[in-house]
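Me: I'm new to reading protein structures. Could you walk me through one, please?

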Amino acid sequence: MALISLRVSDELAAEFSAFAATQGGKSALLRRLIAEAPAAPAPRILTLPVGRPEKVTVRFRESEMRQLAEVSHQRGMTRTGWIVALVRSRLASPVQYSPSEHEALRAIVCELNRIGGNINQIARAANASVLLGRAVEPDLSAIQEAKRVIERELAQLRSALHGNADYWDGRR
């Protein structure tokens, strides 16, 4: 039997352990994830940039330059970096996120994973109660709080994606 090992941050390990506890343990969860991976739909293969970079000159009006400087600054990018990210997104390359967007997306994913773990615990408790013949009384305040947390995280996700090469235009 093969052994697979990897190193992750202490924080990620703790979060994984907490989630794995709701899934039968770390080893069971890892085995399931690894077993399911080959059956997952193949990701769309993107073309990788090939060759050395070449210079392109683009002319903008003064007002456009101000807007470009403002938008790129808001995203923590250079003007050139933002333009390159925009063009690459239109050429089907992965969307280019700024460091602050990466950080925001990581935080959102962590929070949504915690919510998922909580939902699994709620479902397990409800199923156990039904098996023991007890009625399950929903706690509406807890459900409303969970809804508020999910809505807040989705708003942060929309905010992180807004302005990223028109990836999020609010209609999706």
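Reply: Let's look at how some helices pack here, and then at a pocket.

This is a predicted model, where local features need pLDDT of at least 70, side-chain atom pairs count only at pLDDT 80 or more, and totals for chains, interfaces and linings use all residues. Residues are numbered from 1 along each chain as its sequence is written, and side-chain values use heavy atoms, with hydrogens and water left out.

Me: How do I describe two packed helices?

Reply: Two packed helices are described by the angle between their axes and the distance between the axes. Helices are DSSP runs (H or I, at least four residues), numbered from the N terminus. Axes are lines fitted to C-alpha atoms over the stretch in contact, and angles run from 0 to 180 degrees between N-to-C directions. Here, helix α1 (residues 10-21) and helix α5 (residues 99-131) have axes that come within 9 Å and cross at roughly 20 degrees.

Me: Why are α1 and α5 called roughly parallel or roughly perpendicular?

Reply: Angles under 35 degrees count as roughly parallel, and 65 to 115 as roughly perpendicular. α1 and α5 are therefore roughly parallel to each other.

Me: Which residues in α1 and α5 meet?

Reply: Contact means heavy atoms within 4.5 Å. From α1, E15, F19 and A21 meet C110, N113, R114, G117, N120 and R124 of α5.

Me: At what angle do α1 and α2 pack?

Reply: The angle is about 90 degrees, and the axes of α1 and α2 are 8 Å apart. α1 and α2 are therefore roughly perpendicular to each other. In α1, F16, S17, F19 and A20 meet K26, L29 and L30 in α2.

Me: Which helices supply the lining of the largest pocket?

Reply: α1, α2 (26-36) and α5 each give at least two residues to that lining.

Note on methods:
Angles under 35 degrees count as roughly parallel, over 145 as roughly antiparallel, 65 to 115 as roughly perpendicular and the rest as oblique.
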